[in-house]
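Take a walk through this model, one contact at a time. Keep the sequence and the coordinates side by side.

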Amino acid sequence: MNLLTRLKETAIANADKTAFYYMDKPTSYAELDAAVTKFACGLQKLGLKKGDHIALLLGNSPHFVIGLYGAMRLGATVIPINPQYTPEEIGYILSNGDVKAVIALDALAPHFNKMKALLPGVKHCILCESGIDASEDFLLPGMKTFDEVSALAAYPFDEPELDANDTAVILYTSGTTGKPKGAMLTHGNLYSNARDIAEYLKMDSQDRVITTLPMFHVFSLTVVLNAPLISGATMLIVPRFSPKDIFGLARKYRATVFAGVPTMYNFLYQYLDGKSEDFSTIRLCISGGAPMPVALLKNFEEKFQVTISEGYGLSEASPVTCFNPLDRPRKPGSIGMSIVNVENRVVDELGREVPPGEVGELIVRGPNVMKGYYKLPEDTAAVMRDGWLYTGDLARMDGEGYFYIVDRKKDLVIVGGYNVYPREVEEALYGHPGIVEAAVIGVPDPEHGEAVKAFVVPKEERLKAGELTSYLAEKLAPYKIPSFIEFLDELPKNTTGKILRRALKDQIGQR
């Protein structure tokens, strides 16, 4: 079984059931399945085939759902990319990921036109309407619209056979070297995690799931896209997060499930017009992507009379490994217990399991764990040992089997649910001719959980923070740009000359 077969089964058994609403327009399971096959057939007519890599640079929309499932039905490997990335960031992933076709917002067409000479491997650029007027000049040779590709379909579709170990998706996640690494997730990985989390959350065809988390993010991909479709539920697709829109949608469609990162919950809580009646039909609130402050969790639950269940996951595990169970008391601050078919352990430096209460590294195994990093066998071997995925996160387990994250991956900063690796920001800073040294850390932020702070040693005193911010805007996505920049005469180092980020964090804590 895989996601495509399951979609086809649901389309046959419940043809008229609404798969999703978008901008108040319903699309049935039969219509969705037909659109997926039609788009897959159109891709095939373009000369694309099983094993080819196709990138998605789209926001939450029917185009994303149909593009994702259509490419997978063709047997292609999908590479979702944040459309907010800069051309430099996008270009690296397209090149490293050996992408042959791009499905993107029409507003991004100028970027691909400029990158065309630098990315000869990209043969096709398929544009989707973004709501922004796009000049017809953007439709240069090699560019087609999404509808034009679907119109190429010529039946019968020569559908390839999919193996559970075929790579379905490559998710690029930043590495400590500053260069993103592509986690290869198979059809078996994606199906098993969607199936198991749907079972764990008791999701069924009566659920109406608010899908506002960005679909290119693995949390959204599994929990509020694949899991609902596997369950025959209805997605309420939200193009962009807005507390007013979320509450209005929940009331109008009597939503039953909401999933978000802590930042979203904070904005919903702070929204003055938000009332408990707005979420009266919500049976389940899910939080992930970053630790939820216990105070926010309790305040939100008290105001809206709902229960928030936290979980844990990472791209390399498709992503969910732990979740607070729904049939017993939830423990605030805990990421919950191992979900069905997935095993979590806490081990010491030698890989030996530690007793309950002791801190060690969290490791995971199960059918959801990736097959490896794309073209990086050494990096794969470093995190996958004896069938276990070493997460790099420090955790502890209590006597009842509940896990707690003690510290995140070394130096990782999480801004509104998005991972920011300091080394990537530092390398961008080092590219500025006026900088001698730079170090980046995360600092608490009341709205986004954390914010990025940079410590910079300039060559000359006249270097200003605004100049650096403008410089970084050309190289990094907005959420990666430091919110705070502090100039120092020197950075703290150990005896070998290594910059001590911990000393910088301690320095802030003492202020």
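**Charges, rings and a buried strand**

Start at R385, which lies over the face of Y390, 3.7 Å from the ring centre. This is a predicted model. A second charge sits over a ring elsewhere: K303 lies over the face of Y269, at 5.3 Å from the ring centre. Both contacts pass the test for a charge over a ring, which asks for NZ of Lys or CZ of Arg within 6 Å of the ring centre and within 35 degrees of the ring normal.

Now turn to rings that meet rings. A pair of aromatic rings is described by the distance of the centres and the angle of the planes. How many aromatic pairs does the count come to? The count comes to 14 aromatic pairs. Take F39 and F146. Their ring centres are 4.1 Å apart and their planes stand at 10 degrees, so this pair is stacked. The cut-off for stacked is under 30 degrees. F39 belongs to helix α2 (residues 29-45) and F146 to helix α6 (residues 146-151), so the pair ties together parts 107 residues apart in sequence. Are these two rings buried or exposed? F39 is buried, at 0% relative accessible area. F146 is buried too, at 5%.

F258 and F279 make another pair. Here the ring centres are 5.9 Å apart and the planes are at 45 degrees, so the pair is tilted. F258 sits in strand β12 (residues 257-260), while F279 sits in the loop between α10 (262-270) and β13 (284-287), so the contact ties together parts 21 residues apart in sequence. F258 counts as buried because its relative accessibility is 0%, where buried means under 20%. F279 is also buried, with a relative accessible area of 1%. Both rings belong to a cluster. Ring pairs link F258 and F279 there with F247, Y265, Y271, F300 and F304.

Next come the salt bridges. Side chains of opposite charge can pair when their charged atoms come close. The structure holds 26 salt bridges. One of them joins E400 and K331, with 2.5 Å from N to O. Where do the two partners sit along the chain? E400 is in the loop between β21 (388-397) and β22 (403-407). K331 is in the loop between β15 (320-323) and β16 (337-338). The pair links distant parts of the chain, 69 residues apart. The two ends differ in cover. E400 counts as exposed because its relative accessibility is 55%, and the cut-off for exposed is over 50%. K331 is buried, with a relative accessible area of 19%.

E343 takes part in two salt bridges. One is with R345, at 3.1 Å from N to O. The other is with R365, at 3.0 Å from N to O. R365 lies in strand β18 (residues 360-365) and E343 in strand β17 (residues 343-347), so this bridge links distant parts of the chain, 22 residues apart. E343 is partly exposed, with a relative accessible area of 28%. R345 counts as partly exposed at 26% relative accessibility. R365 is partly exposed as well, at 33%. Elsewhere, salt bridges link K8, D33, R73 and E159 in a network.

Now go to a strand under cover. Why is strand β3 (residues 53-57) described as largely enclosed by the rest of the structure? Five of its five residues are buried, so the surroundings cover the strand. H53, A55 and L57 point one way from β3, and I54 and L56 point the other way. All are buried. β3 pairs with strand β4 (residues 77-80) in the parallel sense, over four bridges. Within this pairing, I54 stands opposite V78 in β4.

A helix comes next. In helix α4 (residues 87-96), E89, I90, G91, I93, L94 and N96 are buried. D98 follows α4, and its phi is positive, near 50 degrees.

End at the surface. V359, L394 and V406 make a nonpolar patch of about 230 Å². V359 is found in the loop between β17 and β18. V359 counts as partly exposed, at 44% relative accessibility.

Methods. Residues are numbered from 1 along each chain as its sequence is written. This is a predicted model: local features need pLDDT of at least 70, side-chain atom pairs count only at pLDDT 80 or more; totals for chains, interfaces and linings use all residues. Side-chain values use heavy atoms; hydrogens and water are left out. A salt bridge is a side-chain nitrogen of Lys or Arg within 4 Å of a carboxyl oxygen of Asp or Glu. Helices (H or I, at least four residues) and strands (E, at least two) are DSSP runs, numbered from the N terminus. Buried means under 20% relative accessible area, exposed over 50%, partly exposed in between (1.4 Å probe, protein chains only). Patches are made of residues with over 30% relative accessible area and no salt bridge: like charges are joined within 9 Å, nonpolar side chains (Val, Leu, Ile, Met, Phe, Trp, Tyr) within 5 Å. Accessible areas come from the Shrake-Rupley method with a 1.4 Å probe; for residues, only the protein chains shown count as cover. Rings of Phe, Tyr and Trp (its six-membered ring) pair if their centres lie within 6.5 Å; planes under 30 degrees apart count as stacked, over 60 as edge-to-face and the rest as tilted. Two strands pair if DSSP finds at least two bridges between them.
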